[in-house]
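Visitor: Before we begin, I should like to hear the reasoning behind each descriptive term. Please set each value against its criterion as we proceed.

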Amino acid sequence: MYIRIIHGPNLNLLGKREPEHYGVHTLDDINRALALRAQELDVSIDCYQSNHEGDLVDALHKAAEDDADGIIINPAAYTHTSVALRDAVAAIQVPVVEVHLSNIHARETFRHHSYLAPVTIAQICGFGAHGYIIALEGLVQHLQSR
Ligand code: DQA
């Protein structure tokens with residue numbers, strides 16, 4: 001089983017960026033924890049980050065071309081703005097889980113709406129970095145039960 005992890009804009013700054021919302025873990029910490037859990041679950045993962053909307057669209061297409069079994073994405077700010085990312089998720093036949101470190105529904109109203117949520121299998125938010133592990137476990141279970 002092969003799962004691609006896609007991180008959106010400004011997540012390269014995790015650890016330094018608004019720790020009251022996003023915690024103290026860096027993106028490398030998150031990717032390392034995912035790699036460890038993936039090994040335990042006997043799945044392979046790779047992790048990608050970009051600050052550019054079109055690159056994230058390309059990454060979704062590429063995951064499908066590479067026959068990824070599933071995708072975990074934190075679209076970050078593009079969650080709330082990007083029809084292009086939503087259309088890319090809808091266009092591929094790969095189950096996608098949306099993750100947010102913070103509870104977007106408890107923050108500013110502009111963060112309450114996700115363009116991607118209706119085309120994903122699940123949204124996990126509010127558990128900080130551990131949300132990625134929950135997403136991985138949930139996605140693997142979803143794929144195994146198909
Ligand atoms: C985020 C929430 C978004 O609203 C914000 O723009 C981010 C990070 C999160 O992980 O909590 O950049 O996706």
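Guide: Let us begin with histidine 100 in this predicted model. Its relative accessibility is 4%.

Visitor: Why does histidine 100 count as buried?

Guide: Buried means under 20% relative accessible area. Histidine 100 has 4%, and therefore counts as buried. This residue lies in strand E4, residues 96-100. Leaving aside residues up to four places away in sequence, histidine 100 touches Asn74, Pro75, Thr79, Gln123, Ile124, Cys125 and Gly126.

Visitor: What makes strand E3 mostly covered?

Guide: Strand E3 spans residues 70-74, and five of its five residues are buried. Gly70, Ile72 and Asn74 point one way, while Ile71 and Ile73 point the other way. In a regular strand, side chains alternate between the two faces of the sheet.

Visitor: How do you know that E3 pairs with E1 and with E4?

Guide: Two strands pair if at least two bridges are found between them. Five bridges join E1 (residues 2-7) to E3, and three join E3 to E4; the criterion is therefore met in each case. E1 and E3 run parallel, as do E3 and E4. Isoleucine 71 in E3 stands opposite arginine 4 and opposite valine 96 in E4.

Visitor: Why are helices H2 and H5 called roughly parallel?

Guide: The axes of H2 (residues 27-41) and H5 (residues 130-144) cross at roughly 30 degrees and come within 10 Å. Angles under 35 degrees count as roughly parallel, so H2 and H5 are roughly parallel to each other. H2 passes H5 in a right-handed crossing.

Visitor: Which residues of H2 and H5 meet?

Guide: From H2 come Ile30, Ala33, Leu34, Arg37, Ala38 and Leu41; from H5 come Tyr132, Ile133, Leu136, Glu137 and Val140. By class, this contact of H2 with H5 has nine nonpolar, two charged and no polar residues.

Visitor: What is the phi of glutamate 18, and what is that of aspartate 67?

Guide: Glutamate 18 has a positive phi of about 35 degrees, and the phi of aspartate 67 is near 60 degrees, also positive. Neither residue is a glycine. Most residues other than glycine have a negative phi. Glutamate 18 is in the loop between E1 and helix H1, and aspartate 67 is in the loop between helix H3 and E3.

Visitor: Why is glutamate 18 called partly exposed, and why is aspartate 67 called exposed?

Guide: Exposed means over 50% relative accessible area, and partly exposed lies between 20% and that value. Glutamate 18 has 35% and is therefore partly exposed. Aspartate 67 has 61% and is therefore exposed.

Notes
Residues are numbered from 1 along each chain as its sequence is written. This is a predicted model: local features need pLDDT of at least 70, side-chain atom pairs count only at pLDDT 80 or more; totals for chains, interfaces and linings use all residues. Side-chain values use heavy atoms; hydrogens and water are left out. Axes are lines fitted to C-alpha atoms, for helices over the stretch in contact, and angles run from 0 to 180 degrees between N-to-C directions. Helices (H or I, at least four residues) and strands (E, at least two) are DSSP runs, numbered from the N terminus. Angles under 35 degrees count as roughly parallel, over 145 as roughly antiparallel, 65 to 115 as roughly perpendicular and the rest as oblique. A crossing is left-handed if the near helix is turned anticlockwise from the far one by less than a right angle, and right-handed if clockwise. Contact means heavy atoms within 4.5 Å. Ala, Val, Leu, Ile, Met, Phe, Trp, Tyr, Cys and Pro count as nonpolar, Asp, Glu, Lys and Arg as charged, and the others, Gly among them, as polar. Buried means under 20% relative accessible area, exposed over 50%, partly exposed in between (1.4 Å probe, protein chains only).
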